[in-house]
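Me: I'd like to learn how to read a few local features of a protein model. Could you walk me through them, one at a time?

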Amino acid sequence: MREWRVKRRERTRQLIELGGLIAKAELIDLTDDDRAVILGLLIEAATKLKGDNRDQQLLLWRRRGSRAFAQNHLAERL
């Protein structure tokens, strides 16, 4: 398979997974599928990551995300 196809498939998979995270965070329902609001939220997060407290913010969000993944995993097993 050509290299560009492999890269395209990898990129498509990444975009689908990222969209799944937006759904998992319930942002679609909480914003009534308002894509401008969702983009605004993501831009706000990016702005925070450009600030002085980047490492602290990443740690906080990583912990929250890890807990959410763990809770979801436990819920799927029940």
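Me: Let's start with accessibility: is D33 buried, partly exposed or exposed, and why?

Reply: Happy to help, and keep in mind that this is a predicted model. The idea is to compare relative accessible area with two cut-offs: under 20% is buried and over 50% is exposed, with partly exposed in between. D33 has 37% relative accessibility, so it counts as partly exposed.

Me: Which residue does the side chain of D33 meet in a salt bridge?

Reply: For a salt bridge, look for a side-chain nitrogen of Lys or Arg within 4 Å of a carboxyl oxygen of Asp or Glu. The partner of D33 is R35, with an N to O distance of 3.4 Å. R35 counts as exposed because its relative accessibility is 63%.

Me: How many salt bridges does a search of the whole structure find?

Reply: The search finds 3. One of them joins E3 and K7, whose closest N and O atoms are 3.3 Å apart. Another joins the side chains of R13 and E17, at 3.1 Å from N to O.

Me: Where do those two pairs lie, starting with E3 and K7?

Reply: Sequence spacing is a handy thing to check here. E3 and K7 are both in helix α1, 4 residues apart, or about one turn of the helix. R13 and E17 also both lie in helix α1, again separated by 4 residues, about one turn. As for accessibility, E3 and K7 are both exposed. R13 is exposed because its relative accessible area is 57%, while E17, at 42%, is therefore partly exposed.

Me: Which residues form the nonpolar patch on the surface?

Reply: The patch consists of L15, L18, L21 and F69, and together they have about 370 Å² of accessible area. Helix α1, residues 3–24, supplies the largest share, 3 residues. Take L18, which lies in helix α1: its relative accessibility is 42%, so it counts as partly exposed.

Me: Now a geometry check. Why does the span of helix α3 agree with what it should be?

Reply: The expected span is 1.5 Å times one less than the number of residues. Helix α3 covers residues 35–49, which makes 15 residues, so it should span 21 Å, and its end C-alpha atoms are indeed 21 Å apart.

Me: What does a side-chain oxygen of D34 reach at the start of α3?

Reply: That oxygen comes to within 3.1 Å of the backbone nitrogen of A36.

Me: What about backbone torsions: which value is phi of E26 near?

Reply: The general idea first: most residues other than glycine have a negative phi. For E26, phi is near 65°, a positive value in a residue that is not glycine. With a relative accessible area of 46%, E26 is therefore partly exposed.

Me: And what is the phi of D32, and where does D32 lie?

Reply: D32 also is not a glycine, and its phi is positive, at about 55°. D32 lies in the loop between α2 and α3, and it is exposed because its relative accessible area is 70%.

Me: One last feature: how many Å apart in space are R9 and A25?

Reply: Here you set sequence separation beside the distance in space. R9 and A25 are 24 Å apart, C-alpha to C-alpha, and 16 residues apart in sequence. R9 lies in helix α1, and it counts as exposed because its relative accessibility is 53%.

Note on methods. Residues are numbered from 1 along each chain as its sequence is written. This is a predicted model: local features need pLDDT of at least 70, side-chain atom pairs count only at pLDDT 80 or more; totals for chains, interfaces and linings use all residues. Side-chain values use heavy atoms; hydrogens and water are left out. Patches are made of residues with over 30% relative accessible area and no salt bridge: like charges are joined within 9 Å, nonpolar side chains (Val, Leu, Ile, Met, Phe, Trp, Tyr) within 5 Å. Accessible areas come from the Shrake-Rupley method with a 1.4 Å probe; for residues, only the protein chains shown count as cover. Buried means under 20% relative accessible area, exposed over 50%, partly exposed in between (1.4 Å probe, protein chains only). A polar contact is a pair of N or O atoms within 3.5 Å; within protein, one must be able to donate a hydrogen and the other to accept it, and residues adjacent in sequence count only if both atoms are side-chain atoms.
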